[in-house]
Amino acid sequence: MDSMSMLIGMIVMGYIAGSFFFLRFWRESRDRLFLIFAIAFAVLALQQIVSVWTNELLEDPVRPELYLLRVLAFLLITVAIVDKNLKARQ
């Protein structure tokens with residue numbers, strides 16, 4: 001196992017830990033913000049896993065369409081924050 005694989009594994013572990021962290025707060029509060037954050041962190045972990053998996057299987061390591069998952073995760077985070085702020089105003 002090379003050091004890059006180990007580093008990516010640690011990043012995935014951090015994303016999954018963050019997802020479980022927010023999922024626990026969602027179960028306690030039932031606040032949508034925490035659920036959407038948990039989903040976003042799970043999507044980020046999935047993006048890293050799929051990226052590593054496809055780079056090992058394919059000869060072309062550049063897969064820009066995989067970054068759409070990352071865009072989706074950041075859009076989810078943005079939507080969660082905007083939703084929370086709009087709900088707080090009402």
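What follows is a walk through the nonpolar core of this structure, then its aromatic rings and the charges that sit over them. The model is a predicted one, so every value here is computed from predicted positions.

The core is a good place to start. Nonpolar side chains in soluble globular proteins tend to be buried together. Here, the largest nonpolar core brings together 11 residues. Phenylalanines 22 and 37 are among them, along with the leucines at 33 and 44, the isoleucines at 36 and 77, and Val43. Alanines fill out the list, namely Ala38, Ala40, Ala73 and Ala80. Two elements, helix H2 (32-57) and helix H3 (67-89), each give two or more residues to this core. H2 supplies the largest share, with seven residues. As for isoleucine 77, once its neighbours within four places in sequence are set aside, it touches Phe37 and Ala40.

Next come the rings. There are seven aromatic pairs in the structure. Take phenylalanine 21 and phenylalanine 25: their ring centres are 4.8 Å apart and their planes meet at 80 degrees, and since an angle over 60 counts as edge-to-face, that is what this pair is. Both residues belong to helix H1 (residues 3-29), and because they are four residues apart there, about one helical turn separates them. Neither ring is fully tucked away: phenylalanine 21 is partly exposed at 41% relative accessibility, and phenylalanine 25 is partly exposed too, at 26%.

Phenylalanine 22 and phenylalanine 34 make a stacked pair, with 6.4 Å from centre to centre and 20 degrees between the planes. Phenylalanine 22 sits in helix H1 while phenylalanine 34 sits in helix H2, so this pair ties together parts 12 residues apart in sequence. With a relative accessibility of 17%, phenylalanine 22 falls under the 20% cut-off and therefore counts as buried. Its partner, phenylalanine 34, comes out at 22% and is partly exposed.

These four phenylalanines also turn up in one aromatic cluster, together with Tyr15, Phe37 and Phe41. Phe22 and Phe37 thus appear both in that cluster and in the nonpolar core.

Finally, there are charges over rings. Arginine 24 lies over the face of phenylalanine 25, 4.9 Å from the centre of the ring. Phenylalanine 25 is therefore paired edge-to-face with phenylalanine 21 and also has an arginine over its face. A second case involves tryptophan 26, where the charged end of arginine 30 is placed over the ring, at 4.4 Å from its centre.

Definitions and conventions: Residues numbered from 1 in each chain as written. Predicted model: local features only at pLDDT ≥ 70, side-chain atom pairs only at ≥ 80, totals over all residues. Heavy atoms only, no water. Core = buried A, V, L, I, M, F, W, Y, C linked by side-chain atoms within 4.5 Å. Buried < 20%, exposed > 50% of the residue type's maximum accessible area, 1.4 Å probe, protein only. Contact = heavy atoms within 4.5 Å. Phe/Tyr/Trp six-rings, centres within 6.5 Å; stacked < 30°, edge-to-face > 60°. Lys NZ or Arg CZ within 6 Å of the ring centre and 35° of its normal.
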